[in-house]
Amino acid sequence: MRRLRKVCHSECKNTVGNYTCDPCPDGFTGDPHHQCVNINECTVAAAKNVSICDRRTDCEDTQGGFKCLSCPRGYRGNGYPKGKLINNVRGDGCTEINECASNPCQHHGVCVDQLANFLCKCKDGFEGHDC
C-alpha cells in the first residue's frame with residue numbers, strides 16, 4: 001500500500017485534478033505547502049512595545065495563540081487588559097484587592113490597606129494585628 005505524503009500544513013481542498021492549501025491558520029505563519037510555524041505573539045507584542053496582557057502579569061505563548069497568566073498575589077482579575085476581548089475572554093485586568101473592605105480592625109482601629117495585606121492602627125488600650 002502506497003502512503004500519501006501530507007501536501008498541506010493547513011486545510012487541503014481537492015479540486016479537479018489538483019488541490020489547494022488554505023493559508024496557515026491564525027497564530028501561524030509560513031507557506032502552507034511546506035510548513036506553518038507558530039507565531040510567538042508575546043515576543044512580537046513586546047518588540048512593538050505593545051502590552052497584550054495586564055501590566056502586572058505575564059504573557060505565555062501557546063500553539064496558535066497566547067494566554068495571560070494569573071494576576072499576582074494581592075490582585076484579582078483574569079490578567080487580560082481591562083475591557084478588551086482577547087481569545088474570547090473579556091479582560092478585567094488585575095485590580096488590587098482592598099483588604100480593608102471587610103473592616104478587619106476591631107475596637108474602632110483604623111485599617112490601612114497594603115498590597116496583599118492590611119495594617120491596623122489601634123486605639124489606645126488595644127493592640128495586636130486586629131486590635
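Q: What makes up the largest nonpolar core in this predicted model?
A: Cys42, Ala45, Ile52, Cys53, Phe66, Cys68, Tyr80 and Ile86 form that core, 8 residues in all. Helix α1 (41-47) and strand β6 (65-68) each chip in at least two residues. There's also a second, separate core of 5 residues, including Cys105, Phe118, Cys120 and Cys131.

Q: Why is cysteine 42 called buried?
A: The cut-off for buried is under 20% relative accessible area. Cysteine 42 comes in at 13%, so it counts as buried.

Q: How do you know that cysteine 42 and cysteine 59 form a disulfide?
A: Two cysteine sulfur atoms have to be within 2.5 Å. Here the S to S distance is 1.9 Å, so the pair qualifies. With -70 degrees about the S-S bond, the link is left-handed. Cysteine 42 sits in helix α1 and cysteine 59 in strand β5 (residues 59-62), so the disulfide ties together parts 17 residues apart in sequence.

Q: Why does cysteine 59 count as partly exposed?
A: Partly exposed runs between the 20% and 50% marks. Cysteine 59 has 27% relative accessibility, so that's the label it gets.

Q: What makes cysteine 53 and cysteine 68 a disulfide?
A: Same test: sulfur atoms within 2.5 Å. Theirs are 2.1 Å apart, so the pair passes. Cysteine 53 is in the loop between α1 and β5 and cysteine 68 is in strand β6, so the pair ties together parts 15 residues apart in sequence.

Q: Are cysteine 53 and cysteine 68 buried or exposed?
A: Buried means under 20%. Cysteine 53 is at 6%, so it counts as buried, and cysteine 68, at 8%, does too.

Q: Why are β3 and β4 called paired strands?
A: Pairing takes at least two bridges. Strand β3 (residues 28-31) and strand β4 (residues 35-38) have 4 bridges, in the antiparallel sense, so they pair. One of the links puts threonine 29 opposite its bridge partner in β4, valine 37. A hairpin of 3 residues joins β3 to β4.

Q: Why is lysine 84 described as partly exposed?
A: Exposed would need over 50%, and buried under 20%. Lysine 84 has a relative accessible area of 47%, so it's partly exposed. You'll find lysine 84 in the loop between β7 (75-76) and β8 (85-86). Leaving out residues up to four places away in sequence, lysine 84 touches Val89, Arg90 and Gly91.

Key: Residues are numbered from 1 along each chain as its sequence is written. This is a predicted model: local features need pLDDT of at least 70, side-chain atom pairs count only at pLDDT 80 or more; totals for chains, interfaces and linings use all residues. Side-chain values use heavy atoms; hydrogens and water are left out. Buried means under 20% relative accessible area, exposed over 50%, partly exposed in between (1.4 Å probe, protein chains only). Contact means heavy atoms within 4.5 Å. A nonpolar core is a set of buried Ala, Val, Leu, Ile, Met, Phe, Trp, Tyr and Cys residues joined through side-chain atoms within 4.5 Å.
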